[in-house]
Amino acid sequence: MYGNISIVDQAIGKKNAQEDPEKLAAFQAKIDRGEKIEPHDWMPADYRRQLIRMIEQHAHSEIIGALPEGTWITRAPGFKRKMALMAKVQDEVGHAQLLYNAAETLGKPREEMINDLLTGKSKYSNVFNYPAKTWADTAVIAWLIDAAAIINQVTNSKGSYAPYCRALERICQEESFHLKYGYDNVVTLATGTPTQRAMVQEALNRWWRPIMHFFGPPDIASVHSEILTRWKVKMASNDDMRQQFFNQYVPKIWELGLTVPDPELRKDEVTGKWSYGDPDWDEFKRVINGDGPCNKERLAVRRMAEINGEWVRNALKKPTAKYTVPLS
Ligand code: FAQ
């Protein structure tokens, strides 16, 4: 089980109680009218804190998210796919820059955010703690993880915090290209030789559970949804986004003759809701708390990049000084 929701609600109530009630009411009214909040506008401290948490986690996810696919750039089959993958990976890192900028408007310096990532204080998306074992894994990531990300981000781009919404709009346009690239790769493998077909099915089997986790815990166990929804930061619940994913992508998976590794997955034609088997929420908790198959490796790579890039950051700050470039 996750945190006790009623205790969380009480904590939010206490935090909001410390705010000026008039300002708080005016803020909520503004949100309810569908107006956007800009960085210079008054906002409750907890709105600021929640946004920093969420945008920062999102930024870290993009930068760490470049790693599983990045390991395939040198091994991509053919020059065209190598170029496309390289462009995608560059885009993901660019998304991190946009998101760190958006989070900085709330007052947390980028250095502090990077530090919190490297020390393990901040989270990033569960999915990037799994290995991309074969080329087919990169195809499934680019199709279905980008698809899941688009569902989340298009929804939240209609939210209340203007700098985050602006970043999400731009990101979603690029993610749509990634999705098409991923779909093209999956179709190529699914309509290829029996070996290619088996390879993409195995990759889908490996990624299904992490993708279920991607949307967050079931609504009943979600700690932050209530306040984030009230403040229009989160525009759909974790379960609603998971349902949207089933609706849009399960038929496409079946259309390709591929199967979903969940015998309990089915749509109730009356309610329109999908039911699905338990995706092992204990595994989710382990992975997001640092104990997944690749957590250590991912952070080690980021730490190495931080050390190797130090001279560049210093050179940008003081271009006239002399620097020693590390050889590793
Ligand atoms: N992974 O109370 P809730 C991408 C944590 S971008 C890790 O339901 P919330 C692009 C949550 O933080 C992918 N942790 O949380 C790409 C909280 O822990 P905390 C990233 C997770 O915030 C594609 C606890 O569980 N996208 O993929 C996850 O209301 C391909 C309780 O959960 C975003 O970050 C998870 N999946 O809802 C790049 C979008 N789910 O902080 C390369 C923005 C939950 O109290 C290749 N974020 N947790 O310690 C959101 O929309 C929300 O934060 C949710 C979670 C929906 C992720």
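Two exercises with worked solutions follow, on the ligand and the pocket that holds it.

This is a predicted model, in which local features need pLDDT of at least 70 and side-chain atom pairs count only at pLDDT 80 or more, while totals for chains, interfaces and linings use all residues. Residues are numbered from 1 along each chain as its sequence is written, and side-chain values use heavy atoms, with hydrogens and water left out.

**Exercise 1.** Work out which residues surround the ligand and which polar contacts they make.

*Solution.* Begin with the shell: 37 residues surround the ligand, a residue being near when one of its heavy atoms lies within 4 Å, and the closest are K123, S222, V223, H224 and K234. Next, look for polar contacts, that is, pairs of N or O atoms within 3.5 Å. A polar side-chain atom of K234 lies 2.5 Å from a ligand oxygen, an N or O atom in the side chain of S222 lies 2.7 Å from a ligand oxygen, and a polar backbone atom of F214 lies 3.0 Å from a ligand nitrogen.

**Exercise 2.** Establish which pocket the ligand takes up, and describe the lining of that pocket.

*Solution.* The ligand takes up the space of the largest pocket, where a molecule is assigned to a pocket if more than half of its atoms lie within 2 Å of its grid points. This pocket holds about 1200 Å³ of space. Its lining comprises 47 residues, and R53, M54, Q57, S125 and F214 lie nearest the centre. Finally, sorting the lining by class gives 17 nonpolar, 16 polar and 14 charged residues.

Notes:
Polar contact = N/O pair within 3.5 Å; in protein donor to acceptor, adjacent residues only side chain to side chain. 1 Å grid on protein atoms, 1.4 Å probe; cavity = no way out; pocket = protein on both sides within 12 Å on 5 of 7 lines; lining within 4 Å. Points joined across faces, edges and corners; volume = space filled by probe spheres on them. Nonpolar A, V, L, I, M, F, W, Y, C, P; charged D, E, K, R; others polar.
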